[in-house]
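Student: I am new to this structure and should be grateful for a close look at a single part of it. Would you please choose one strand and describe its surroundings?

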Amino acid sequence: MLPNNAEPIALTVPRYADRIGFAALTHRAFDGADLRPLRDQLFAKIAAGTAEAGEGLDLSLITQLLGDKQGGLAIQDEILAFHQLYRSPCVAAKPTLRVLALAAAIDMGGNTPIEFLLEGADIELLTLYVVKGVGLPEQLPDHDVAIVVASDSEECREALEVIERAVPRWPRPLLNRPSDIGNLDRDKLHRLLAGIEGLDIPTTFSVTRSRLTDLAGGTLECGDIASELRFPIIARPRGSHAGVGLAKLDDRAALAGYLSGRQEQEFFIARFVDYSSADGLYRKYRIAVVDGRPFACHMAIADRWDIWYLNANMAFSQSKRDEEAAFMRDFDTAFGERHRNALAAMIDRIGLDYFTIDCAENKQGELLIFEADNTAVVHNMDSPDVFPYKQPQMRKIFAAFAAMLHRYAKGDRAAPDRERAA
(Lines give C-alpha, C1' and ligand atoms only; values in the text may rest on other atoms or scores of the structure.)
Protein backbone atom coordinates (compact mmCIF):
# COMPACT_ATOMS: atom_id res chain seq x y z
CA MET A 1 0.00 0.00 0.00
CA LEU A 2 1.33 3.40 -0.92
CA PRO A 3 1.72 5.99 1.86
CA ASN A 4 -1.12 8.44 2.35
CA ASN A 5 1.14 11.39 1.60
CA ALA A 6 2.15 10.06 -1.83
CA GLU A 7 1.53 12.21 -4.90
CA PRO A 8 -1.90 11.69 -6.49
CA ILE A 9 -2.10 9.74 -9.72
CA ALA A 10 -1.92 12.14 -12.66
CA LEU A 11 -4.98 12.82 -14.83
CA THR A 12 -5.11 13.06 -18.59
CA VAL A 13 -7.66 13.86 -21.29
CA PRO A 14 -9.83 10.75 -21.71
CA ARG A 15 -9.30 8.67 -24.85
CA TYR A 16 -12.52 6.74 -24.82
CA ALA A 17 -14.46 4.61 -27.28
CA ASP A 18 -18.19 5.25 -27.61
CA ARG A 19 -20.64 2.37 -27.29
CA ILE A 20 -24.36 1.73 -27.39
CA GLY A 21 -24.00 0.49 -23.84
CA PHE A 22 -25.40 -1.98 -21.34
CA ALA A 23 -28.65 -0.20 -20.54
CA ALA A 24 -29.73 0.49 -24.12
CA LEU A 25 -28.99 -3.04 -25.34
CA THR A 26 -30.58 -4.68 -22.31
CA HIS A 27 -33.68 -2.51 -22.81
CA ARG A 28 -33.95 -3.78 -26.36
CA ALA A 29 -33.61 -7.41 -25.28
CA PHE A 30 -36.11 -6.92 -22.41
CA ASP A 31 -38.61 -5.40 -24.84
CA GLY A 32 -38.31 -8.41 -27.13
CA ALA A 33 -36.30 -6.80 -29.93
CA ASP A 34 -34.35 -9.16 -32.18
CA LEU A 35 -30.66 -8.38 -31.60
CA ARG A 36 -29.41 -10.82 -34.21
CA PRO A 37 -29.34 -8.36 -37.14
CA LEU A 38 -27.20 -5.94 -35.11
CA ARG A 39 -24.99 -8.83 -33.99
CA ASP A 40 -24.46 -9.89 -37.60
CA GLN A 41 -23.74 -6.32 -38.66
CA LEU A 42 -21.08 -5.92 -35.97
CA PHE A 43 -19.57 -9.31 -36.77
CA ALA A 44 -19.25 -8.21 -40.39
CA LYS A 45 -17.47 -5.01 -39.37
CA ILE A 46 -15.05 -6.96 -37.21
CA ALA A 47 -14.37 -9.40 -40.05
CA ALA A 48 -13.70 -6.45 -42.37
CA GLY A 49 -11.41 -4.80 -39.84
CA THR A 50 -13.56 -1.64 -39.66
CA ALA A 51 -15.14 -2.07 -36.20
CA GLU A 52 -14.38 0.43 -33.45
CA ALA A 53 -13.54 -0.78 -29.92
CA GLY A 54 -16.95 0.31 -28.60
CA GLU A 55 -18.68 -1.71 -31.29
CA GLY A 56 -16.65 -4.75 -30.29
CA LEU A 57 -17.69 -4.35 -26.66
CA ASP A 58 -21.33 -3.97 -27.73
CA LEU A 59 -21.00 -7.17 -29.75
CA SER A 60 -19.71 -8.97 -26.67
CA LEU A 61 -22.78 -7.90 -24.70
CA ILE A 62 -25.21 -8.76 -27.50
CA THR A 63 -23.66 -12.21 -27.79
CA GLN A 64 -24.16 -12.74 -24.04
CA LEU A 65 -27.74 -11.43 -24.20
CA LEU A 66 -28.41 -13.98 -26.94
CA GLY A 67 -27.29 -16.78 -24.63
CA ASP A 68 -23.69 -17.37 -25.67
CA LYS A 69 -21.83 -16.33 -22.54
CA GLN A 70 -18.49 -17.90 -23.43
CA GLY A 71 -18.55 -16.50 -26.95
CA GLY A 72 -19.33 -13.06 -25.62
CA LEU A 73 -16.53 -13.23 -23.07
CA ALA A 74 -14.05 -14.31 -25.74
CA ILE A 75 -14.96 -11.24 -27.80
CA GLN A 76 -14.69 -9.03 -24.71
CA ASP A 77 -11.24 -10.39 -23.85
CA GLU A 78 -10.02 -9.65 -27.37
CA ILE A 79 -11.39 -6.09 -27.35
CA LEU A 80 -10.17 -5.21 -23.84
CA ALA A 81 -6.68 -6.40 -24.71
CA PHE A 82 -6.15 -3.23 -26.73
CA HIS A 83 -8.68 -0.74 -25.33
CA GLN A 84 -9.99 -0.31 -21.76
CA LEU A 85 -11.89 3.01 -21.60
CA TYR A 86 -15.46 3.45 -22.89
CA ARG A 87 -18.09 6.19 -22.85
CA SER A 88 -21.80 5.44 -22.43
CA PRO A 89 -24.55 7.56 -24.02
CA CYS A 90 -25.58 10.67 -22.09
CA VAL A 91 -28.78 12.69 -22.50
CA ALA A 92 -26.93 16.00 -22.07
CA ALA A 93 -24.69 17.57 -24.70
CA LYS A 94 -22.83 19.31 -21.87
CA PRO A 95 -22.85 16.98 -18.83
CA THR A 96 -22.66 18.52 -15.37
CA LEU A 97 -20.48 15.71 -14.03
CA ARG A 98 -18.06 13.09 -15.32
CA VAL A 99 -18.10 9.76 -13.49
CA LEU A 100 -15.42 7.11 -13.87
CA ALA A 101 -16.64 3.55 -13.21
CA LEU A 102 -13.92 1.00 -12.43
CA ALA A 103 -14.97 -2.36 -13.80
CA ALA A 104 -13.55 -5.87 -14.05
CA ALA A 105 -13.34 -7.97 -17.20
CA ILE A 106 -16.17 -10.32 -16.29
CA ASP A 107 -19.54 -11.40 -17.71
CA MET A 108 -22.37 -8.90 -18.08
CA GLY A 109 -23.69 -9.53 -14.54
CA GLY A 110 -20.37 -9.08 -12.76
CA ASN A 111 -20.22 -5.28 -12.57
CA THR A 112 -22.71 -2.78 -11.14
CA PRO A 113 -25.13 -1.93 -13.98
CA ILE A 114 -24.51 1.75 -13.34
CA GLU A 115 -25.93 2.87 -16.69
CA PHE A 116 -29.43 2.09 -15.39
CA LEU A 117 -28.83 4.21 -12.30
CA LEU A 118 -27.79 7.18 -14.45
CA GLU A 119 -30.76 6.89 -16.79
CA GLY A 120 -31.94 10.37 -17.71
CA ALA A 121 -29.17 12.11 -15.74
CA ASP A 122 -26.98 14.84 -17.20
CA ILE A 123 -23.93 12.86 -16.08
CA GLU A 124 -21.27 11.48 -18.40
CA LEU A 125 -20.19 7.92 -17.64
CA LEU A 126 -16.76 6.61 -18.50
CA THR A 127 -16.00 2.96 -17.73
CA LEU A 128 -12.41 1.85 -17.26
CA TYR A 129 -11.89 -1.92 -17.34
CA VAL A 130 -9.11 -3.07 -15.03
CA VAL A 131 -7.76 -5.97 -17.05
CA LYS A 132 -5.76 -8.86 -15.61
CA GLY A 133 -2.05 -8.35 -16.19
CA VAL A 134 -2.59 -4.75 -17.32
CA GLY A 135 -3.98 -2.97 -14.27
CA LEU A 136 -4.50 0.77 -14.11
CA PRO A 137 -2.94 3.22 -16.57
CA GLU A 138 -0.13 5.46 -15.34
CA GLN A 139 -2.39 8.46 -15.91
CA LEU A 140 -6.10 8.17 -15.20
CA PRO A 141 -8.74 9.65 -17.50
CA ASP A 142 -9.92 12.94 -16.02
CA HIS A 143 -13.12 12.65 -13.96
CA ASP A 144 -15.00 14.36 -11.13
CA VAL A 145 -15.79 11.28 -9.07
CA ALA A 146 -15.03 7.57 -9.38
CA ILE A 147 -16.93 4.48 -8.25
CA VAL A 148 -15.83 0.87 -8.14
CA VAL A 149 -18.38 -1.31 -9.93
CA ALA A 150 -16.53 -4.65 -9.89
CA SER A 151 -18.14 -7.35 -7.75
CA ASP A 152 -16.87 -9.50 -4.89
CA SER A 153 -16.57 -12.56 -7.15
CA GLU A 154 -13.35 -14.55 -7.56
CA GLU A 155 -12.95 -13.27 -11.14
CA CYS A 156 -12.77 -9.70 -9.85
CA ARG A 157 -10.24 -10.25 -7.06
CA GLU A 158 -7.21 -9.01 -8.98
CA ALA A 159 -9.01 -5.92 -10.26
CA LEU A 160 -10.17 -5.04 -6.74
CA GLU A 161 -6.66 -5.50 -5.36
CA VAL A 162 -5.17 -3.27 -8.06
CA ILE A 163 -7.68 -0.51 -7.32
CA GLU A 164 -7.29 -0.85 -3.55
CA ARG A 165 -3.53 -0.37 -3.79
CA ALA A 166 -4.13 2.88 -5.69
CA VAL A 167 -6.72 4.26 -3.24
CA PRO A 168 -4.28 6.43 -1.22
CA ARG A 169 -3.17 8.18 -4.42
CA TRP A 170 -6.58 8.51 -6.06
CA PRO A 171 -6.88 12.11 -7.31
CA ARG A 172 -10.67 12.38 -7.02
CA PRO A 173 -13.36 11.14 -4.60
CA LEU A 174 -13.70 7.34 -4.87
CA LEU A 175 -16.92 5.52 -3.89
CA ASN A 176 -17.47 1.86 -3.02
CA ARG A 177 -13.96 1.08 -1.87
CA PRO A 178 -12.74 -2.40 -2.91
CA SER A 179 -11.93 -3.47 0.65
CA ASP A 180 -15.61 -3.01 1.55
CA ILE A 181 -16.86 -4.78 -1.57
CA GLY A 182 -14.75 -7.77 -0.55
CA ASN A 183 -16.92 -8.26 2.56
CA LEU A 184 -20.03 -9.09 0.51
CA ASP A 185 -19.08 -12.68 -0.33
CA ARG A 186 -21.56 -15.09 1.23
CA ASP A 187 -19.17 -16.68 3.71
CA LYS A 188 -17.96 -13.27 4.92
CA LEU A 189 -21.18 -11.28 5.10
CA HIS A 190 -22.72 -13.29 7.94
CA ARG A 191 -19.63 -12.67 10.07
CA LEU A 192 -19.74 -8.96 9.33
CA LEU A 193 -23.41 -8.72 10.33
CA ALA A 194 -23.37 -11.11 13.29
CA GLY A 195 -25.03 -9.88 16.45
CA ILE A 196 -27.24 -7.17 14.94
CA GLU A 197 -30.47 -7.12 16.90
CA GLY A 198 -33.55 -7.83 14.80
CA LEU A 199 -31.52 -9.27 11.93
CA ASP A 200 -31.34 -12.93 10.92
CA ILE A 201 -28.62 -14.03 8.50
CA PRO A 202 -27.96 -17.78 8.28
CA THR A 203 -24.32 -18.72 8.61
CA THR A 204 -22.95 -19.66 5.19
CA PHE A 205 -20.24 -22.28 4.98
CA SER A 206 -17.85 -22.89 2.12
CA VAL A 207 -17.41 -26.63 1.56
CA THR A 208 -15.67 -28.78 -1.00
CA ARG A 209 -17.41 -31.29 -3.20
CA SER A 210 -15.52 -34.02 -1.38
CA ARG A 211 -17.03 -33.10 1.98
CA LEU A 212 -20.52 -32.89 0.54
CA THR A 213 -19.99 -36.30 -1.03
CA ASP A 214 -19.07 -37.66 2.40
CA LEU A 215 -22.16 -36.01 3.88
CA ALA A 216 -24.36 -37.53 1.20
CA GLY A 217 -22.79 -40.95 1.75
CA GLY A 218 -23.22 -40.94 5.52
CA THR A 219 -19.54 -40.84 6.49
CA LEU A 220 -19.95 -37.21 7.59
CA GLU A 221 -22.71 -35.56 9.67
CA CYS A 222 -24.07 -32.04 9.29
CA GLY A 223 -22.75 -31.34 12.79
CA ASP A 224 -19.24 -32.23 11.64
CA ILE A 225 -19.37 -29.22 9.33
CA ALA A 226 -21.04 -26.89 11.84
CA SER A 227 -23.02 -27.44 15.02
CA GLU A 228 -25.99 -25.38 13.76
CA LEU A 229 -26.27 -27.24 10.46
CA ARG A 230 -28.96 -29.86 9.83
CA PHE A 231 -31.21 -30.94 6.99
CA PRO A 232 -32.87 -29.33 5.15
CA ILE A 233 -29.99 -27.24 3.83
CA ILE A 234 -29.59 -24.72 1.04
CA ALA A 235 -26.76 -25.35 -1.43
CA ARG A 236 -25.37 -23.42 -4.36
CA PRO A 237 -22.08 -23.48 -6.29
CA ARG A 238 -19.56 -20.98 -5.02
CA GLY A 239 -19.49 -17.92 -7.26
CA SER A 240 -22.93 -18.52 -8.77
CA HIS A 241 -25.54 -15.78 -9.02
CA ALA A 242 -29.19 -15.29 -10.03
CA GLY A 243 -30.25 -18.60 -8.54
CA VAL A 244 -27.98 -20.76 -10.72
CA GLY A 245 -27.49 -24.10 -8.94
CA LEU A 246 -29.53 -23.03 -5.91
CA ALA A 247 -31.36 -25.93 -4.26
CA LYS A 248 -33.09 -26.92 -1.03
CA LEU A 249 -31.90 -30.39 0.00
CA ASP A 250 -34.06 -32.23 2.51
CA ASP A 251 -31.84 -35.25 3.17
CA ARG A 252 -28.75 -37.21 2.12
CA ALA A 253 -30.47 -38.70 -0.91
CA ALA A 254 -31.42 -35.26 -2.19
CA LEU A 255 -27.83 -34.10 -1.70
CA ALA A 256 -26.48 -37.08 -3.62
CA GLY A 257 -28.86 -36.37 -6.48
CA TYR A 258 -27.87 -32.70 -6.48
CA LEU A 259 -24.15 -33.52 -6.70
CA SER A 260 -24.72 -35.99 -9.52
CA GLY A 261 -26.06 -33.19 -11.66
CA ARG A 262 -23.32 -30.65 -10.97
CA GLN A 263 -19.64 -30.44 -11.84
CA GLU A 264 -18.47 -27.66 -9.48
CA GLN A 265 -15.87 -28.40 -6.82
CA GLU A 266 -16.80 -25.76 -4.22
CA PHE A 267 -20.19 -24.90 -2.76
CA PHE A 268 -21.87 -22.67 -0.25
CA ILE A 269 -24.31 -24.30 2.17
CA ALA A 270 -26.55 -22.83 4.87
CA ARG A 271 -29.53 -23.76 6.99
CA PHE A 272 -32.91 -23.44 5.32
CA VAL A 273 -35.27 -20.83 6.77
CA ASP A 274 -38.98 -21.19 6.14
CA TYR A 275 -39.99 -17.56 5.66
CA SER A 276 -43.51 -18.20 4.35
CA SER A 277 -46.20 -15.80 5.52
CA ALA A 278 -49.46 -16.74 7.21
CA ASP A 279 -51.14 -17.19 3.81
CA GLY A 280 -48.48 -19.73 2.77
CA LEU A 281 -46.86 -17.41 0.24
CA TYR A 282 -43.25 -16.26 0.28
CA ARG A 283 -42.35 -12.59 0.04
CA LYS A 284 -38.89 -11.47 -1.00
CA TYR A 285 -37.79 -7.85 -1.09
CA ARG A 286 -34.99 -5.95 -2.79
CA ILE A 287 -33.79 -2.77 -1.14
CA ALA A 288 -31.38 -0.34 -2.77
CA VAL A 289 -29.10 1.54 -0.37
CA VAL A 290 -27.91 4.88 -1.74
CA ASP A 291 -25.67 7.11 0.34
CA GLY A 292 -26.69 5.28 3.49
CA ARG A 293 -30.45 5.48 2.84
CA PRO A 294 -32.66 2.47 2.03
CA PHE A 295 -35.16 2.58 -0.82
CA ALA A 296 -37.80 0.02 -1.78
CA CYS A 297 -36.75 -1.50 -5.08
CA HIS A 298 -39.10 -4.41 -5.65
CA MET A 299 -41.19 -7.06 -3.90
CA ALA A 300 -41.75 -10.57 -5.27
CA ILE A 301 -44.56 -12.83 -4.04
CA ALA A 302 -44.75 -16.53 -4.90
CA ASP A 303 -45.77 -19.94 -3.62
CA ARG A 304 -42.15 -21.11 -3.77
CA TRP A 305 -39.24 -20.29 -1.50
CA ASP A 306 -36.67 -19.82 -4.29
CA ILE A 307 -38.08 -16.55 -5.59
CA TRP A 308 -36.61 -14.10 -7.97
CA TYR A 309 -38.71 -11.43 -9.58
CA LEU A 310 -39.35 -13.09 -12.92
CA ASN A 311 -40.49 -16.45 -11.56
CA ALA A 312 -42.96 -14.72 -9.22
CA ASN A 313 -45.10 -13.80 -12.27
CA MET A 314 -45.96 -10.42 -10.79
CA ALA A 315 -47.18 -9.15 -14.17
CA PHE A 316 -50.03 -11.68 -14.13
CA SER A 317 -51.49 -10.87 -10.71
CA GLN A 318 -53.17 -7.59 -9.88
CA SER A 319 -53.33 -8.45 -6.17
CA LYS A 320 -49.57 -9.07 -6.07
CA ARG A 321 -48.90 -5.79 -7.83
CA ASP A 322 -51.22 -3.95 -5.45
CA GLU A 323 -49.22 -5.34 -2.54
CA GLU A 324 -45.93 -4.36 -4.17
CA ALA A 325 -47.25 -0.85 -4.82
CA ALA A 326 -48.20 -0.55 -1.14
CA PHE A 327 -44.74 -1.80 -0.14
CA MET A 328 -43.15 0.99 -2.13
CA ARG A 329 -45.65 3.67 -1.14
CA ASP A 330 -45.51 2.92 2.59
CA PHE A 331 -41.90 1.80 2.86
CA ASP A 332 -40.84 4.59 5.22
CA THR A 333 -43.65 4.02 7.69
CA ALA A 334 -44.09 0.24 7.33
CA PHE A 335 -41.30 -2.13 6.29
CA GLY A 336 -38.55 0.46 6.64
CA GLU A 337 -39.81 1.53 10.05
CA ARG A 338 -40.18 -2.06 11.33
CA HIS A 339 -36.58 -2.81 10.46
CA ARG A 340 -35.17 0.65 10.94
CA ASN A 341 -32.55 -0.23 13.54
CA ALA A 342 -31.45 -3.47 11.87
CA LEU A 343 -31.13 -1.74 8.50
CA ALA A 344 -29.18 1.16 9.98
CA ALA A 345 -26.73 -1.17 11.72
CA MET A 346 -26.32 -3.28 8.59
CA ILE A 347 -25.73 -0.26 6.36
CA ASP A 348 -23.17 1.10 8.80
CA ARG A 349 -21.22 -2.16 8.98
CA ILE A 350 -21.16 -2.75 5.23
CA GLY A 351 -19.98 0.81 4.67
CA LEU A 352 -20.57 0.98 0.92
CA ASP A 353 -21.97 4.08 -0.74
CA TYR A 354 -24.23 2.00 -2.96
CA PHE A 355 -25.43 -1.60 -2.71
CA THR A 356 -28.58 -3.70 -2.67
CA ILE A 357 -30.11 -6.06 -0.13
CA ASP A 358 -32.22 -9.11 -0.97
CA CYS A 359 -34.22 -9.98 2.12
CA ALA A 360 -37.46 -11.21 3.70
CA GLU A 361 -39.06 -11.37 7.14
CA ASN A 362 -38.75 -14.56 9.18
CA LYS A 363 -41.56 -15.97 11.29
CA GLN A 364 -40.31 -13.99 14.30
CA GLY A 365 -40.64 -10.76 12.33
CA GLU A 366 -36.89 -10.25 12.02
CA LEU A 367 -35.18 -9.00 8.87
CA LEU A 368 -33.95 -12.14 7.10
CA ILE A 369 -30.92 -11.41 4.89
CA PHE A 370 -30.26 -13.49 1.79
CA GLU A 371 -27.64 -11.38 0.11
CA ALA A 372 -26.03 -7.96 -0.08
CA ASP A 373 -24.58 -7.08 -3.45
CA ASN A 374 -23.23 -4.13 -5.40
CA THR A 375 -24.12 -5.59 -8.82
CA ALA A 376 -27.83 -6.47 -8.65
CA VAL A 377 -29.88 -4.86 -11.41
CA VAL A 378 -31.97 -1.86 -10.38
CA HIS A 379 -33.81 -0.76 -13.52
CA ASN A 380 -36.77 1.06 -14.97
CA MET A 381 -37.64 -1.34 -17.79
CA ASP A 382 -41.00 -2.63 -16.54
CA SER A 383 -44.09 -1.57 -18.43
CA PRO A 384 -45.65 1.60 -16.96
CA ASP A 385 -49.05 0.26 -18.03
CA VAL A 386 -48.67 -2.90 -15.94
CA PHE A 387 -46.54 -1.39 -13.16
CA PRO A 388 -47.55 2.29 -12.98
CA TYR A 389 -46.08 2.66 -9.50
CA LYS A 390 -42.57 1.59 -10.46
CA GLN A 391 -41.28 4.42 -12.59
CA PRO A 392 -41.77 7.10 -9.91
CA GLN A 393 -39.99 4.87 -7.38
CA MET A 394 -37.09 4.12 -9.72
CA ARG A 395 -36.71 7.79 -10.57
CA LYS A 396 -36.48 8.47 -6.84
CA ILE A 397 -33.61 5.97 -6.52
CA PHE A 398 -31.86 7.31 -9.62
CA ALA A 399 -32.15 10.91 -8.35
CA ALA A 400 -30.63 9.90 -5.01
CA PHE A 401 -27.76 8.17 -6.81
CA ALA A 402 -27.04 11.24 -8.96
CA ALA A 403 -27.25 13.50 -5.90
CA MET A 404 -24.72 11.30 -4.10
CA LEU A 405 -22.26 11.58 -6.99
CA HIS A 406 -22.64 15.35 -7.10
CA ARG A 407 -22.18 15.60 -3.34
CA TYR A 408 -18.95 13.63 -3.38
CA ALA A 409 -17.66 15.48 -6.43
CA LYS A 410 -18.00 18.73 -4.47
CA GLY A 411 -15.90 17.25 -1.68
CA ASP A 412 -18.83 17.02 0.75
CA ARG A 413 -18.10 13.90 2.78
CA ALA A 414 -20.39 14.76 5.67
CA ALA A 415 -22.85 11.95 6.40
CA PRO A 416 -26.28 12.70 4.93
CA ASP A 417 -29.48 12.50 6.92
CA ARG A 418 -30.12 8.75 7.16
CA GLU A 419 -33.12 8.85 9.40
CA ARG A 420 -35.61 7.91 6.69
CA ALA A 421 -35.63 6.76 3.09
CA ALA A 422 -36.37 9.44 0.53
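Tutor: A definition is needed at the outset: two strands are said to pair if DSSP finds at least two bridges between them. The model is a predicted one. Let us take strand β14, which comprises residues 282-290.

The strand is mostly covered, with nine of its nine residues buried; buried here means under 20% relative accessible area. In a regular strand, side chains alternate between the two faces of the sheet. In β14, Y282, K284, R286, A288 and V290 point one way, while R283, Y285, I287 and V289 point the other way. Both sets are buried, including the charged-residue positions K284 and R286 in one set and R283 in the other.

β14 has pairing with two strands to consider. With β15 (residues 293-302), β14 runs antiparallel, and nine bridges join the two. Within this pairing, V289 is found opposite P294 of β15. The two strands form a hairpin with two residues between them, and there D291 adopts a positive phi near 55 degrees. With β16 (residues 354-361), the pairing is again in the antiparallel sense, over six bridges. In that pairing, I287 faces I357 of β16.

A helix also belongs to this picture. The buried residues of α12 (residues 318-329) pack against β14, and likewise against β15, α13 (335-338) and α15 (390-409). The length of α12 can be checked by a short calculation: at 1.5 Å a residue, its twelve residues should span 16 Å, and because its end C-alpha atoms are 16 Å apart, the two values agree. The residues of α12 that are buried include K320, R321, E324, A325, F327 and M328. These cover an arc of only 155 degrees around the axis, and therefore lie on the same side of α12. An α-helix has 3.6 residues a turn, so residues three or four places apart point the same way. The face of α12 turned away from the buried side carries S319 and R329, which are exposed.

To summarise, β14 is a buried strand that pairs with β15 and with β16, and the buried residues of α12 pack against β14.

Methods. Residues are numbered from 1 along each chain as its sequence is written. This is a predicted model: local features need pLDDT of at least 70, side-chain atom pairs count only at pLDDT 80 or more; totals for chains, interfaces and linings use all residues. Side-chain values use heavy atoms; hydrogens and water are left out. Buried means under 20% relative accessible area, exposed over 50%, partly exposed in between (1.4 Å probe, protein chains only). Helices (H or I, at least four residues) and strands (E, at least two) are DSSP runs, numbered from the N terminus. The expected span of a helix is 1.5 Å times one less than its number of residues. The arc is that of the directions from the helix axis to the C-beta atoms. Contact means heavy atoms within 4.5 Å.
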